[in-house]
Amino acid sequence: MNAQKLIDKIGFNVIQGRVTAEDEGFDEGLEGQPAVTELVTRALEEKIDPKKIVLDALTASMETVGEKFDKGEYLIPDMLASAECVGAAMDILGPHLVDAGIESKGKIVLATVKGDLHDIGKNIVGIMFKGAGFEVTDLGSDVSSERIADELERTGAEYLGLSALLTTTMWEMKEVIEALKSAGIRDQIRVLIGGAPTSESFAQEIGADVHCRDAFQAIDVLREMKK
Ligand code: B12
């Protein structure tokens, strides 16, 4: 199978919510055919760039899943089945996204903001940061601004990565920045933000340092900041 066909097949199976060949899939009747786990393993064997798998197969197909949810074709459990596929794929891809040295490149706290349960993008960012040699404290999702400020003080981290996927919760990022100011630590911390509804202009509006469109750009940004 050529590389593009394999990428398309992985994406198709994420949309179908099929983790392994045993799963029947959203359209049913697909059991027995290779699913995300088998296809991602094969893609690595065929030396397809893991970055291409993350962006062109996993991320792109989750956009389609979102569109299907928007149109009412998919319900919450369908989105969750696809989310599980991305998690399974990242378990396989994680070790291949590593180029770490032994020495820590710095400490970063990661969180999805309060009211928001979307953690797939943040988890990918965490895997990438660890792979690049950063010490990551992942606070999970639905995290309050107070807790984030406390953890930054406790860990002495110099970077904070915030994620939000909802147009309603993205404004929580501003609350976090205000909490850092109240704690008197805003100047010591570089704040990176990401998630589909966020943008460079939004980052400027709320006083974050930088917006990243994906996990790979985030690594370049962190490396640039360290220079
Ligand atoms: C999966 C999913 C869910 C799952 C989440 C499971 C999980 N564990 O994460 C579940 C089923 C729980 C869910 C629930 C809901 N969802 Co939802 N969901 C999605 C979906 C389909 C995919 C998101 C995703 O994982 N994308 C793949 C990842 C890899 O991409 P990413 O998150 O953008 O991350 C990349 C970059 O953005 C960036 N990045 C992200 N964060 C960060 C952070 C930092 C620091 C950096 C540097 C970079 C960075 O790097 C990442 C990797 O490259 C999106 C559709 C979409 N287009 O986004 C809808 C979507 C976000 N959901 C939506 C909605 C409406 C909901 C619900 C309100 C539905 C409901 N009625 O209950 C609830 C809200 C629950 C809550 N309180 O959070 C809407 C939001 C609309 C809006 N304008 O706000 C969307 C857009 C779907 C749609 N088109 O309608 N959802």
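This note goes through the ligand site and five individual residues of a predicted model.

1. The ligand and its pocket. The ligand of this predicted model sits in the largest pocket. The elements that each contribute two or more residues to the shell around the ligand are helix 3 (50-70), helix 4 (76-93), helix 5 (120-131), strand 3 (159-163), strand 4 (190-194) and helix 9 (215-226). Of these, helix 3 gives the most to the shell, with seven residues.

2. Make-up of the shell. The ligand is surrounded by 34 residues, of which the closest are L117, H118, D119, S163 and T167. Sorted by class, the shell around the ligand holds 18 nonpolar, 10 polar and six charged residues.

3. Backbone atoms facing the ligand. A polar backbone atom of G66 is 3.2 Å from a nitrogen atom of the ligand, and a backbone N or O atom of G115 lies 3.0 Å from a nitrogen atom of the ligand. For A215, a backbone N or O atom lies 3.0 Å from an oxygen atom of the ligand. The reader may wish to inspect these three residues together in the structure, namely G66, G115 and A215.

4. T169. This residue is placed in the loop between strand 3 and helix 7 (172-182), and T169 is nevertheless buried, with a relative accessible area of 7%; that value is under 20%, which is why T169 counts as buried. The side chains of T169 and D116 are joined by a polar contact of 2.6 Å. When residues up to four places away in sequence are not counted, T169 touches V113, K114, G115, D116 and A164. G115, one of the residues that T169 touches, also has a backbone N or O atom lying 3.0 Å from a nitrogen atom of the ligand.

5. T155. The position of T155 is in helix 6 (residues 145-155), and with a relative accessible area of 13% T155 is buried. The side chain of T155 reaches the backbone nitrogen of A157 at 3.3 Å. Beyond residues up to four places away in sequence, T155 touches K107, V109 and T137. As for a separation across the model, T155 and A43 are 112 residues apart along the chain, and their C-alpha atoms are separated by 38 Å.

6. K105. The loop between helix 4 and strand 1 (107-112) holds K105, which at 32% relative accessibility counts as partly exposed. The side chain of K105 reaches the backbone oxygen of A132 at 2.8 Å. Leaving aside neighbours within four places in sequence, K105 is in contact with A132, G133, F134 and K226, so that A132 appears both in this contact list and as the residue whose backbone oxygen the K105 side chain reaches. Between K105 and R186, which are 81 residues apart in sequence, the distance in space is 20 Å, C-alpha to C-alpha.

7. E28. For a residue other than glycine, E28 has a positive phi, near 65°. E28 lies in the loop between helix 1 (3-16) and helix 2 (36-45), and E28 is exposed, with a relative accessible area of 52%. That area is over 50%, and E28 is therefore classed as exposed and not as partly exposed.

8. K47. A positive phi, near 60°, is also found at K47, again a residue other than glycine. The place of K47 is in the loop between helix 2 and helix 3, and K47 is exposed, with a relative accessible area of 73%. A colleague checking backbone geometry could therefore look at K47 as an exposed residue with a positive phi.

Conventions: Residues are numbered from 1 along each chain as its sequence is written. This is a predicted model: local features need pLDDT of at least 70, side-chain atom pairs count only at pLDDT 80 or more; totals for chains, interfaces and linings use all residues. Side-chain values use heavy atoms; hydrogens and water are left out. Helices (H or I, at least four residues) and strands (E, at least two) are DSSP runs, numbered from the N terminus. Buried means under 20% relative accessible area, exposed over 50%, partly exposed in between (1.4 Å probe, protein chains only). Contact means heavy atoms within 4.5 Å. A polar contact is a pair of N or O atoms within 3.5 Å; within protein, one must be able to donate a hydrogen and the other to accept it, and residues adjacent in sequence count only if both atoms are side-chain atoms. A residue is near a molecule or strand if one of its heavy atoms lies within 4 Å of it. On a 1 Å grid over the protein atoms alone, a cavity is a set of points where a 1.4 Å probe fits but cannot get out, and a pocket is an open set with protein on both sides within 12 Å along at least five of seven lines; lining residues have an atom within 4 Å of a point. A molecule sits in a cavity or pocket if more than half of its atoms lie within 2 Å of its grid points. Ala, Val, Leu, Ile, Met, Phe, Trp, Tyr, Cys and Pro count as nonpolar, Asp, Glu, Lys and Arg as charged, and the others, Gly among them, as polar.
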